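Biologist: I should like to learn how to read the features of a structure that is new to me. May we go through them in turn?

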Amino acid sequence: MTVRRQPVLGILGGGQLARMLALAGAPLGVKSLVVDSAADACAGQVAPLVVADWTDYEALDHFARQVDVVTFDFENVPAETAHWLAKRVAVFPAPRALAVAQDRLAEKTLFRECGLMTPEFKAVDTREELDQALAIVGAPAILKTRRLGYDGKGQFRIKTLADADAAWAALGAQATAHGLILEAFVPFDRELSVVAVRGRNGEFRTWPLTQNWHTDGVLSLSLAPAPDIAALQERATHLARTLAEQLEYVGVFALELFVKNGELLGNEMAPRVHNSGHWTIEGALTSQFENHVRAVLGLPLGDTSARGLSAMFNWIGELPDAAPVLEAVDAHWHDYGKQPREGRKVGHATVCAPNASQLVERLSGIAHALGRDQQAGPAVGKLLENR
Ligand code: AMP
């Protein structure tokens, strides 16, 4: 009998996304090897962890020799590291796609080339250019770092032109290293995301559009499939596909969208599995994590249909009592094994149901048991109002 060699997936970054990727790979017989600079990175609890930083080429060389394909849990891996690895081993998504998604200016420019409208934007590198950009974009607006921002970090909201000095004081120091972008503030009706996957052979699928609610720039609730998407799903799928083909993208990505007067506007693209796709673990026939593993390894993709309705809540800072979720019907608890810290995503819960009224009932029961009626009230109310 020949010895069977299991495929090894290399994952750059060892957070909860790497953890869930490694867990999804296991039933497919895929082993994972994770790289992170932190020895306590939470993916290290479920897969072997190499502790190294992104410029430790000796460690990265050893890592590259042990894996069949490299992918990302973290989109801000330096482009040089991704290019260096791509000379030694298959890297998906390819460094070029990663580079575009790392830069808000390149990303929004590509969106427009692909026919996806965006909020008005202007690159800003100097204090003078901020005034020029404000004259064109107007206020309210948001000044953002072009690179390295996530979850609302590296952003300053400009309510009136008088806030320009304060915005520059907050972000001007980062203009030289990362560049800045000024974007018009969009008073959107709602936020949606489309999570999509493209295989090595070009096979393409999307999960149903997801509606997202943020608190202080951080995702707090996702509802999938989003209500009233009949007129938007096809367009969102077409746009995601056009983008993926332009970038020759391989793997899962999320396209974050604003909806204003029935029109879709592109906010950003995450070149990886995405928080707004966590509901797919229990709520879809194939999860985003499994399909990402399948895509980067060149395996056939799985069905992305939703089983019913799902709502996903993030646990930020610290975990609440797990019991009300564990006791509820079709409710699923995810503890990332991280230490509590303010603003940190430490876990999530997904509640599934065959219809809206049962979903609302289950959510209300959990919220009540957790003493969070107040917090859950607006979210649950939104579900009711749309169904
Ligand atoms: P981002 O890191 O760009 O995804 O921003 C985090 C959140 O801030 C988004 O999900 C929106 O809720 C909000 N936001 C970002 N950009 C804009 C914008 N141009 N107009 C209105 N809200 C925005």
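**Reading the backbone, the helices and the cavities**

Modeller: Let us begin with the loop between strand S14 (251-260) and S15, where Asn 261 is placed. Please bear in mind that this is a predicted model.

Biologist: What phi does Asn 261 have?

Modeller: Most residues other than glycine have a negative phi, and most peptide bonds are trans. Asn 261 is not a glycine, yet its phi is positive, about 50 degrees. With a relative accessible area of 62%, Asn 261 is exposed. Asp 216, in the loop between strand S12 (210-215) and S13, likewise is not a glycine and has a positive phi of about 50 degrees. Asp 216 is exposed, its relative accessible area being 74%.

Biologist: Which residues does the cis peptide bond with omega of about -15 degrees join?

Modeller: That bond joins Ala 224 and Pro 225. Pro 225 is found in the loop between strand S13 (218-224) and helix H9 (233-246). A cis peptide bond also runs from Ala 139 to Pro 140, with omega near 0 degrees. The loop that holds Pro 140 lies between helix H6 (127-137) and strand S7 (141-145).

Biologist: Let us turn to burial. Is Lys 108 buried or exposed?

Modeller: A residue counts as buried when its relative accessible area is under 20%. Lys 108 has 0% relative accessibility, so Lys 108 counts as buried. This residue sits in helix H5. Leaving aside residues up to four places away in sequence, Lys 108 touches Thr 118, Pro 119, Phe 121, Ile 181, Glu 183, Gly 266 and Asn 267. Val 325, in helix H12 (residues 323-327), also counts as buried, at 1% relative accessibility. Among the residues that Val 325 touches, not counting those up to four places away in sequence, are Trp 315, Trp 333 and Ile 366.

Biologist: How may burial be read for a whole helix, and why is H4 described as largely enclosed?

Modeller: One counts the buried residues of the helix. In helix H4 (residues 95-102), six of the eight residues are buried, so H4 is largely enclosed by the rest of the structure. Those six are Pro 95, Ala 97, Leu 98, Val 100, Ala 101 and Gln 102. Their cover includes strand S4 (69-72), helix H3 (79-86), strand S5 (90-91), helix H5 (104-113) and strand S15 (263-270).

Biologist: At what angle do H4 and H5 pack?

Modeller: Their axes are 5 Å apart, and the angle is about 100 degrees. H4 is therefore roughly perpendicular to H5, since angles of 65 to 115 degrees count as such. On the H4 side, Val 100, Ala 101 and Gln 102 meet Arg 104, Ala 106, Glu 107 and Leu 110 of H5. By class, this contact of H4 with H5 comprises four nonpolar, one polar and two charged residues.

Biologist: How many cavities of 30 Å³ or more does the structure hold?

Modeller: Rolling a probe the size of a water molecule over the atoms shows where empty space is left. Here there are two cavities of 30 Å³ or more, and the largest has a volume of about 70 Å³. The lining of the largest cavity includes Ala 101, Gln 102 and Arg 104, together with Arg 146, Arg 147 and Glu 268. Its lining divides by class into two nonpolar, three polar and five charged residues.

Technical notes: Residues numbered from 1 in each chain as written. Predicted model: local features only at pLDDT ≥ 70, side-chain atom pairs only at ≥ 80, totals over all residues. Heavy atoms only, no water. 1 Å grid on protein atoms, 1.4 Å probe; cavity = no way out; pocket = protein on both sides within 12 Å on 5 of 7 lines; lining within 4 Å. Points joined across faces, edges and corners; volume = space filled by probe spheres on them. Nonpolar A, V, L, I, M, F, W, Y, C, P; charged D, E, K, R; others polar. Buried < 20%, exposed > 50% of the residue type's maximum accessible area, 1.4 Å probe, protein only. Helix = DSSP H or I, 4+ residues; strand = E, 2+ residues; numbered from the N terminus. Contact = heavy atoms within 4.5 Å. Axes fitted to C-alpha atoms, helices over the stretch in contact; angles between N-to-C directions. Parallel < 35°, antiparallel > 145°, perpendicular 65-115°, else oblique.
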